[in-house]
Amino acid sequence: DALRLEVVAGALDSRLRMTACDHPILVEADLGREQSRVNAKVSCAAPTPWSIYVPVELRIYRNVVVAARALQRGDSLTADDLKIEARDVLAPGSPALTRLDDAIGKNLRRPLAENTVLTASVVEFPILIRRGDRISISSHNGGIAVRANAEALDNGRYGERIRARNLQSEKVIEVTVTGPGEGET
């Protein structure tokens, strides 16, 4: 799924003297793991067998999500804030987001300069439930669904577990945030 692949061989020692190869030169490298630097084994079988390891730098370009303008910490991301560009995905850093939907609607954890690649570590879901909010809790068991009202005891983002107090029983339970003002047990 790469748009472009660049392979840059490192410099060889100018003092090396290899005999001419009568057969095509064989190049082997472990590309099973995506990494920016590998050692490639370059070898010749005849007339005089030889082999050498050559450092190789790889660049794999894929479409990733990039900041279309400078963005501030806490900004709620919209389609206008983002663009898709081909970038080297082997560059240092956590894996880049590849779909706009992975960023739209989320908040930034830190400021980003224009043209910065977005990663999972720089975005987070917004807070959907705040401590003290009245929330609706649902519980499903087989074909039976039960709903109850509760008070949130913690702030929560989508998918997070928070504590809530059932307003009828006064019991404190753990709830998974499923939307604004909503959770499931």
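**Exercise 1. Find which residues form a nonpolar patch on the surface, and place Leu16 in the chain.**

Leu12, Leu16 and Met18 form this nonpolar patch, and together they have about 260 Å² of accessible area. A patch here is built from residues with over 30% relative accessible area and no salt bridge; nonpolar side chains (Val, Leu, Ile, Met, Phe, Trp, Tyr) are joined within 5 Å, and like charges within 9 Å. The areas come from the Shrake-Rupley method with a 1.4 Å probe, and for residues only the protein chains shown count as cover.

Next, locate Leu16: the loop between β1 (4-9) and β2 (26-28) holds this residue. Strands (E, at least two residues) and helices (H or I, at least four) are DSSP runs, numbered from the N terminus. Leu16 has a relative accessible area of 38%, so Leu16 is partly exposed. The classes are buried (under 20% relative accessible area), exposed (over 50%) and partly exposed in between, with a 1.4 Å probe and protein chains only.

Before going on, a word on the model: it is predicted, so local features need pLDDT of at least 70, side-chain atom pairs count only at pLDDT 80 or more, and totals for chains, interfaces and linings use all residues. Residues are numbered from 1 along each chain as its sequence is written, and side-chain values use heavy atoms, with hydrogens and water left out.

**Exercise 2. Work through the salt bridges: how many are there, and which residue pairs with Asp13?**

Start with the rule: a salt bridge is a side-chain nitrogen of Lys or Arg within 4 Å of a carboxyl oxygen of Asp or Glu. The count by this rule is 15 salt bridges.

Asp13 pairs with Arg15, with 2.6 Å between the closest N and O atoms. Asp13 is partly exposed at 35% relative accessible area, whereas Arg15 is exposed at 67%.

Now take Arg109 and Glu124, whose side chains form a salt bridge at 3.1 Å, N to O. This pair links distant parts of the chain, 15 residues apart: Arg109 sits in the loop between β6 (107-108) and β7 (123-124), and Glu124 in strand β7. Arg109 is partly exposed, at 42% relative accessible area.

Finish with Glu170 and Arg165, which form a salt bridge at 3.9 Å, N to O. Glu170 is partly exposed at 48%, and Arg165 is partly exposed at 28%. Elsewhere, Arg4, Glu6, Arg37, Glu57 and Arg59 are joined into one network by salt bridges that share partners.

**Exercise 3. Trace the partners of strand β9: in which sense does β9 pair with β10, and which strands make up the closed barrel?**

First, β9 (residues 134-141) and β10 (residues 144-152) pair antiparallel over eight bridges; two strands pair if DSSP finds at least two bridges between them. Within this pairing, Ile137 stands opposite Ala148, and Ser138 faces Arg147.

Second, look at the turn. Two residues separate β9 and β10 in a hairpin, and Gly142 in the turn has a positive phi of about 65°. Gly142 is exposed, at 74% relative accessibility.

Third, β9 also runs parallel to β14 (residues 182-184), joined by three bridges. Ser136 has Glu182 as its bridge partner in β14.

Finally, close the circle: the five-strand barrel runs β9-β10-β12-β13-β14, with mixed pairing. The twist averages 55° from one strand to the next, using axes that are lines fitted to C-alpha atoms (for helices over the stretch in contact) and angles from 0 to 180 degrees between N-to-C directions.
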